[in-house]
Amino acid sequence: MPDTIDTLLLLALPASGKSEIRRYLEQLAPDVAAEDLHLGPTVQLDDYPYVHMMRRISQELTDMGGDPVLFADGASSFAEPRDWGTLIRLLNEDYELLGGTPVRPQSAAIWLFDRFDRARKAVGVSPALSMLPDQTRERLAAALEGEADELWTQLAASVESWSDGDTVVIEFARGGPEGAAMPLTPPYGYAYSLGQLSEEIVARSSILYVWVTPEESRRRNEERARPGRAGDASILHHGVPEAVMLGDYGSDDLPWLIEVGGGDGVWVEGDGPSTRIPVAVFDNRSDHTSFLRDDPERWPVAAISALHAELRAAFDRLV
(Lines give C-alpha, C1' and ligand atoms only; values in the text may rest on other atoms or scores of the structure.)
Protein backbone atom coordinates (compact mmCIF):
# COMPACT_ATOMS: atom_id res chain seq x y z
CA MET A 1 0.00 0.00 0.00
CA PRO A 2 1.36 3.50 -0.78
CA ASP A 3 2.50 5.80 2.01
CA THR A 4 -0.54 7.34 3.67
CA ILE A 5 -0.71 11.03 4.56
CA ASP A 6 -1.29 11.26 8.28
CA THR A 7 -2.55 14.84 8.67
CA LEU A 8 -3.45 17.12 5.77
CA LEU A 9 -3.68 20.88 6.25
CA LEU A 10 -6.09 22.06 3.55
CA LEU A 11 -5.35 25.76 3.16
CA ALA A 12 -6.63 28.52 0.87
CA LEU A 13 -8.46 31.82 0.78
CA PRO A 14 -12.25 31.66 1.32
CA ALA A 15 -14.36 30.08 -1.44
CA SER A 16 -11.25 28.73 -3.15
CA GLY A 17 -12.45 25.13 -3.18
CA LYS A 18 -11.25 23.69 0.15
CA SER A 19 -14.62 22.54 1.42
CA GLU A 20 -15.60 21.25 -2.01
CA ILE A 21 -12.43 19.13 -2.10
CA ARG A 22 -13.28 17.77 1.35
CA ARG A 23 -16.69 16.78 0.05
CA TYR A 24 -15.11 15.02 -2.92
CA LEU A 25 -12.71 13.11 -0.70
CA GLU A 26 -15.63 11.87 1.41
CA GLN A 27 -17.25 10.41 -1.73
CA LEU A 28 -14.19 8.44 -2.85
CA ALA A 29 -14.00 4.68 -2.53
CA PRO A 30 -11.35 3.79 0.10
CA ASP A 31 -9.17 1.88 -2.36
CA VAL A 32 -9.17 4.79 -4.83
CA ALA A 33 -8.33 7.30 -2.08
CA ALA A 34 -5.46 5.10 -0.90
CA GLU A 35 -3.98 4.19 -4.28
CA ASP A 36 -4.43 7.49 -6.10
CA LEU A 37 -4.25 10.11 -3.35
CA HIS A 38 -2.33 8.37 -0.53
CA LEU A 39 -5.18 9.00 1.90
CA GLY A 40 -6.77 6.83 4.53
CA PRO A 41 -10.43 7.31 5.49
CA THR A 42 -10.73 11.02 6.25
CA VAL A 43 -11.64 12.57 9.59
CA GLN A 44 -12.31 16.26 9.06
CA LEU A 45 -11.74 19.25 11.35
CA ASP A 46 -12.52 22.86 10.47
CA ASP A 47 -12.34 26.18 12.32
CA TYR A 48 -15.33 27.76 10.52
CA PRO A 49 -17.98 26.35 12.90
CA TYR A 50 -16.21 28.19 15.71
CA VAL A 51 -16.20 31.45 13.73
CA HIS A 52 -19.93 31.01 13.14
CA MET A 53 -20.62 30.46 16.83
CA MET A 54 -18.49 33.44 17.80
CA ARG A 55 -20.59 35.57 15.47
CA ARG A 56 -23.75 34.11 16.96
CA ILE A 57 -22.52 35.03 20.44
CA SER A 58 -21.94 38.63 19.36
CA GLN A 59 -25.33 38.76 17.64
CA GLU A 60 -27.16 37.53 20.73
CA LEU A 61 -25.29 39.91 23.03
CA THR A 62 -26.18 42.80 20.70
CA ASP A 63 -29.83 41.74 20.71
CA MET A 64 -29.70 41.83 24.53
CA GLY A 65 -28.47 45.42 24.35
CA GLY A 66 -24.97 44.58 25.53
CA ASP A 67 -21.39 44.69 24.29
CA PRO A 68 -20.99 42.22 21.38
CA VAL A 69 -17.46 41.45 22.70
CA LEU A 70 -16.06 39.36 19.83
CA PHE A 71 -17.23 41.28 16.73
CA ALA A 72 -18.35 44.91 16.53
CA ASP A 73 -21.13 43.88 14.15
CA GLY A 74 -22.05 41.20 11.63
CA ALA A 75 -20.02 42.78 8.83
CA SER A 76 -16.77 43.32 10.74
CA SER A 77 -13.76 41.17 11.48
CA PHE A 78 -12.60 40.11 14.94
CA ALA A 79 -12.53 42.90 17.49
CA GLU A 80 -9.35 41.23 18.77
CA PRO A 81 -7.20 40.08 15.78
CA ARG A 82 -5.39 37.50 17.93
CA ASP A 83 -8.60 35.47 17.78
CA TRP A 84 -7.13 34.07 14.54
CA GLY A 85 -4.84 32.23 16.93
CA THR A 86 -7.75 31.35 19.22
CA LEU A 87 -9.24 29.34 16.35
CA ILE A 88 -6.03 27.34 15.93
CA ARG A 89 -5.87 26.56 19.64
CA LEU A 90 -9.42 25.19 19.37
CA LEU A 91 -8.31 22.95 16.50
CA ASN A 92 -5.38 21.76 18.64
CA GLU A 93 -7.87 20.69 21.31
CA ASP A 94 -10.00 18.88 18.73
CA TYR A 95 -6.94 17.04 17.44
CA GLU A 96 -6.03 15.88 20.94
CA LEU A 97 -9.49 14.32 21.28
CA LEU A 98 -9.08 12.03 18.25
CA GLY A 99 -9.91 8.44 19.03
CA GLY A 100 -11.49 9.27 22.36
CA THR A 101 -15.09 9.34 23.54
CA PRO A 102 -15.99 12.86 24.70
CA VAL A 103 -18.31 13.13 27.68
CA ARG A 104 -21.45 15.08 26.83
CA PRO A 105 -21.42 18.31 28.84
CA GLN A 106 -24.33 19.33 31.01
CA SER A 107 -24.54 22.47 28.89
CA ALA A 108 -22.98 22.53 25.42
CA ALA A 109 -23.12 26.33 25.38
CA ILE A 110 -21.17 26.67 28.64
CA TRP A 111 -18.71 24.03 27.36
CA LEU A 112 -18.18 26.17 24.26
CA PHE A 113 -17.87 29.45 26.20
CA ASP A 114 -15.21 27.88 28.45
CA ARG A 115 -13.31 26.57 25.43
CA PHE A 116 -13.32 29.99 23.78
CA ASP A 117 -11.96 31.64 26.93
CA ARG A 118 -9.29 28.96 27.44
CA ALA A 119 -8.12 29.23 23.81
CA ARG A 120 -8.02 33.03 24.03
CA LYS A 121 -5.85 32.90 27.15
CA ALA A 122 -3.46 30.56 25.31
CA VAL A 123 -2.74 33.29 22.73
CA GLY A 124 -2.49 36.09 25.29
CA VAL A 125 -6.04 37.45 25.03
CA SER A 126 -8.20 38.14 28.07
CA PRO A 127 -11.14 35.77 28.49
CA ALA A 128 -14.40 37.43 27.47
CA LEU A 129 -17.34 35.17 28.22
CA SER A 130 -16.46 34.28 31.82
CA MET A 131 -16.42 38.02 32.53
CA LEU A 132 -20.06 38.51 31.56
CA PRO A 133 -22.58 39.15 34.35
CA ASP A 134 -24.06 35.84 35.51
CA GLN A 135 -27.56 36.71 34.29
CA THR A 136 -26.27 37.71 30.84
CA ARG A 137 -24.18 34.55 30.56
CA GLU A 138 -27.16 32.39 31.52
CA ARG A 139 -29.42 34.10 28.96
CA LEU A 140 -26.74 33.77 26.30
CA ALA A 141 -26.27 30.07 27.03
CA ALA A 142 -30.00 29.44 26.85
CA ALA A 143 -30.26 31.21 23.49
CA LEU A 144 -27.38 29.23 21.97
CA GLU A 145 -27.74 25.83 23.63
CA GLY A 146 -29.31 24.12 20.62
CA GLU A 147 -26.67 25.32 18.16
CA ALA A 148 -23.83 24.58 20.58
CA ASP A 149 -25.18 21.08 21.10
CA GLU A 150 -25.18 20.51 17.32
CA LEU A 151 -21.53 21.56 17.20
CA TRP A 152 -20.65 19.26 20.11
CA THR A 153 -22.48 16.33 18.50
CA GLN A 154 -20.70 16.80 15.18
CA LEU A 155 -17.31 17.11 16.85
CA ALA A 156 -17.89 14.05 19.02
CA ALA A 157 -18.86 11.99 15.98
CA SER A 158 -15.69 13.08 14.14
CA VAL A 159 -13.23 12.38 16.93
CA GLU A 160 -14.84 9.06 17.86
CA SER A 161 -14.64 7.89 14.26
CA TRP A 162 -10.85 8.26 14.07
CA SER A 163 -8.69 5.15 14.08
CA ASP A 164 -5.06 4.43 13.27
CA GLY A 165 -4.43 4.75 9.52
CA ASP A 166 -7.03 7.47 8.99
CA THR A 167 -6.07 10.81 7.46
CA VAL A 168 -7.03 13.88 9.47
CA VAL A 169 -8.00 16.80 7.21
CA ILE A 170 -7.79 20.23 8.88
CA GLU A 171 -9.20 23.18 6.97
CA PHE A 172 -8.66 26.87 7.64
CA ALA A 173 -8.28 30.10 5.67
CA ARG A 174 -5.98 33.00 6.49
CA GLY A 175 -4.76 36.16 4.81
CA GLY A 176 -4.10 39.84 5.35
CA PRO A 177 -5.20 43.31 4.24
CA GLU A 178 -5.44 44.13 0.55
CA GLY A 179 -2.12 45.41 -0.77
CA ALA A 180 -0.11 44.33 2.30
CA ALA A 181 3.62 43.69 1.92
CA MET A 182 5.16 40.32 2.77
CA PRO A 183 5.71 38.98 5.32
CA LEU A 184 2.32 39.78 6.84
CA THR A 185 2.30 41.30 10.31
CA PRO A 186 1.10 38.85 13.00
CA PRO A 187 -1.54 37.85 13.91
CA TYR A 188 -2.55 38.00 10.24
CA GLY A 189 -1.62 35.39 7.69
CA TYR A 190 -0.60 31.76 7.63
CA ALA A 191 2.82 32.24 9.23
CA TYR A 192 1.22 33.28 12.51
CA SER A 193 -1.55 30.66 12.51
CA LEU A 194 0.72 27.78 11.52
CA GLY A 195 2.94 28.79 14.42
CA GLN A 196 0.00 28.32 16.80
CA LEU A 197 -0.47 24.68 15.80
CA SER A 198 0.58 22.03 18.30
CA GLU A 199 3.98 20.41 17.83
CA GLU A 200 2.21 17.09 17.16
CA ILE A 201 0.14 18.50 14.31
CA VAL A 202 3.16 20.22 12.75
CA ALA A 203 5.27 17.07 12.98
CA ARG A 204 2.61 14.90 11.31
CA SER A 205 1.30 17.30 8.65
CA SER A 206 1.50 17.94 4.93
CA ILE A 207 -0.11 20.96 3.25
CA LEU A 208 -2.35 21.02 0.20
CA TYR A 209 -2.64 24.66 -0.85
CA VAL A 210 -5.57 25.48 -3.11
CA TRP A 211 -4.36 28.44 -5.15
CA VAL A 212 -6.85 31.16 -6.10
CA THR A 213 -6.19 34.90 -6.35
CA PRO A 214 -7.79 37.23 -3.78
CA GLU A 215 -9.89 38.76 -6.56
CA GLU A 216 -11.22 35.36 -7.64
CA SER A 217 -11.77 34.40 -4.00
CA ARG A 218 -14.03 37.44 -3.57
CA ARG A 219 -15.97 36.62 -6.73
CA ARG A 220 -16.60 33.02 -5.69
CA ASN A 221 -17.45 34.12 -2.15
CA GLU A 222 -20.32 36.19 -3.54
CA GLU A 223 -21.35 33.38 -5.87
CA ARG A 224 -21.60 30.68 -3.20
CA ALA A 225 -23.29 32.69 -0.43
CA ARG A 226 -26.83 31.78 0.56
CA PRO A 227 -28.88 34.00 2.87
CA GLY A 228 -29.97 32.95 6.34
CA ARG A 229 -28.80 30.20 8.64
CA ALA A 230 -28.81 27.65 5.78
CA GLY A 231 -25.86 29.57 4.41
CA ASP A 232 -24.25 31.05 7.52
CA ALA A 233 -23.90 27.69 9.27
CA SER A 234 -22.78 25.79 6.17
CA ILE A 235 -19.16 25.24 5.16
CA LEU A 236 -20.21 25.13 1.49
CA HIS A 237 -22.56 28.11 1.30
CA HIS A 238 -21.57 30.71 3.91
CA GLY A 239 -20.59 34.16 2.75
CA VAL A 240 -17.72 36.17 4.26
CA PRO A 241 -18.55 39.90 4.69
CA GLU A 242 -16.97 42.16 2.07
CA ALA A 243 -15.03 44.18 4.65
CA VAL A 244 -13.50 40.97 5.97
CA MET A 245 -12.64 39.77 2.48
CA LEU A 246 -10.70 42.99 1.87
CA GLY A 247 -9.25 43.49 5.35
CA ASP A 248 -8.39 39.91 6.30
CA TYR A 249 -8.25 38.07 2.97
CA GLY A 250 -7.23 40.81 0.56
CA SER A 251 -3.72 39.34 0.40
CA ASP A 252 -2.32 35.84 0.80
CA ASP A 253 1.06 35.06 2.34
CA LEU A 254 1.16 31.34 1.57
CA PRO A 255 2.67 31.71 -1.94
CA TRP A 256 5.41 33.86 -0.38
CA LEU A 257 5.98 31.29 2.40
CA ILE A 258 6.19 28.50 -0.19
CA GLU A 259 8.76 30.47 -2.18
CA VAL A 260 10.84 31.07 0.96
CA GLY A 261 10.52 27.36 1.77
CA GLY A 262 12.08 26.32 -1.53
CA GLY A 263 8.92 25.76 -3.56
CA ASP A 264 7.80 22.53 -1.93
CA GLY A 265 7.72 23.32 1.78
CA VAL A 266 6.76 25.89 4.41
CA TRP A 267 8.81 26.70 7.50
CA VAL A 268 6.80 26.87 10.72
CA GLU A 269 8.06 28.87 13.68
CA GLY A 270 6.11 27.82 16.77
CA ASP A 271 6.74 26.89 20.38
CA GLY A 272 9.07 24.06 19.35
CA PRO A 273 11.96 23.95 16.88
CA SER A 274 11.53 25.34 13.36
CA THR A 275 9.89 22.67 11.23
CA ARG A 276 9.48 22.45 7.46
CA ILE A 277 6.11 21.08 6.36
CA PRO A 278 5.91 19.64 2.83
CA VAL A 279 3.46 21.43 0.55
CA ALA A 280 1.85 20.81 -2.83
CA VAL A 281 -0.08 23.43 -4.78
CA PHE A 282 -3.42 22.65 -6.40
CA ASP A 283 -3.95 25.40 -8.97
CA ASN A 284 -7.65 26.23 -8.84
CA ARG A 285 -7.53 29.63 -10.54
CA SER A 286 -9.44 27.97 -13.39
CA ASP A 287 -12.32 26.58 -11.40
CA HIS A 288 -12.12 22.78 -10.97
CA THR A 289 -14.29 22.54 -7.84
CA SER A 290 -17.43 24.70 -7.69
CA PHE A 291 -19.51 21.97 -9.35
CA LEU A 292 -18.97 19.88 -6.20
CA ARG A 293 -21.48 22.07 -4.31
CA ASP A 294 -24.21 20.42 -6.39
CA ASP A 295 -25.84 17.04 -5.72
CA PRO A 296 -23.21 14.34 -6.34
CA GLU A 297 -25.54 12.58 -8.77
CA ARG A 298 -25.29 15.66 -11.00
CA TRP A 299 -21.51 15.96 -11.01
CA PRO A 300 -20.31 15.90 -14.67
CA VAL A 301 -18.14 12.88 -15.44
CA ALA A 302 -15.61 14.96 -17.38
CA ALA A 303 -15.28 17.46 -14.52
CA ILE A 304 -14.75 14.64 -12.00
CA SER A 305 -12.08 13.08 -14.20
CA ALA A 306 -10.21 16.36 -14.62
CA LEU A 307 -10.40 17.15 -10.91
CA HIS A 308 -9.20 13.70 -9.90
CA ALA A 309 -6.22 13.89 -12.23
CA GLU A 310 -5.17 17.27 -10.84
CA LEU A 311 -5.57 16.09 -7.25
CA ARG A 312 -3.65 12.90 -7.95
CA ALA A 313 -0.71 14.90 -9.33
CA ALA A 314 -0.73 17.20 -6.29
CA PHE A 315 -0.88 14.37 -3.75
CA ASP A 316 1.85 12.49 -5.57
CA ARG A 317 4.11 15.49 -4.99
CA LEU A 318 3.38 15.35 -1.25
CA VAL A 319 4.65 11.78 -0.81
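Reader: What makes β3 largely enclosed by the rest of the structure?

Author: In this predicted model, 6 of the 6 residues of β3 are buried, so the strand is largely enclosed by the rest of the structure. Buried here means under 20% relative accessible area, and T167, V169 and E171 on one side fall in that class, as do V168, I170 and F172 on the other, which leaves both faces of β3 covered. The two sets of residues can be read in this way because side chains alternate between the two faces of the sheet in a regular strand.

Reader: How do you know that β3 pairs with strand β1 and with strand β2?

Author: Two strands pair if at least two bridges are found between them. Strand β1 (residues 7-11) is joined to β3 by 5 bridges and runs parallel to it, with F172 of β3 as the bridge partner of L11. Strand β2 (residues 42-46) also pairs with β3 in the parallel sense, over 5 bridges, and here T42 stands opposite T167. Both pairings therefore satisfy the requirement of at least two bridges.

Reader: Which elements line the largest pocket, and what classes of residue are found there?

Author: The largest pocket holds about 670 Å³ of space and is lined by 43 residues, of which Y48, V51, R55, G239 and P241 lie nearest its centre. Two or more lining residues come from each of α1 (18-27), α3 (48-63), α4 (83-96), β3 (167-172) and α10 (229-232), and α3 gives the most, with 9 residues. By class, the lining has 17 nonpolar, 12 polar and 14 charged residues.

Terms used:
Residues are numbered from 1 along each chain as its sequence is written. This is a predicted model: local features need pLDDT of at least 70, side-chain atom pairs count only at pLDDT 80 or more; totals for chains, interfaces and linings use all residues. Side-chain values use heavy atoms; hydrogens and water are left out. On a 1 Å grid over the protein atoms alone, a cavity is a set of points where a 1.4 Å probe fits but cannot get out, and a pocket is an open set with protein on both sides within 12 Å along at least five of seven lines; lining residues have an atom within 4 Å of a point. Grid points are joined across faces, edges and corners, and a volume is the space filled by probe spheres set on the points. Helices (H or I, at least four residues) and strands (E, at least two) are DSSP runs, numbered from the N terminus. Ala, Val, Leu, Ile, Met, Phe, Trp, Tyr, Cys and Pro count as nonpolar, Asp, Glu, Lys and Arg as charged, and the others, Gly among them, as polar. Buried means under 20% relative accessible area, exposed over 50%, partly exposed in between (1.4 Å probe, protein chains only).
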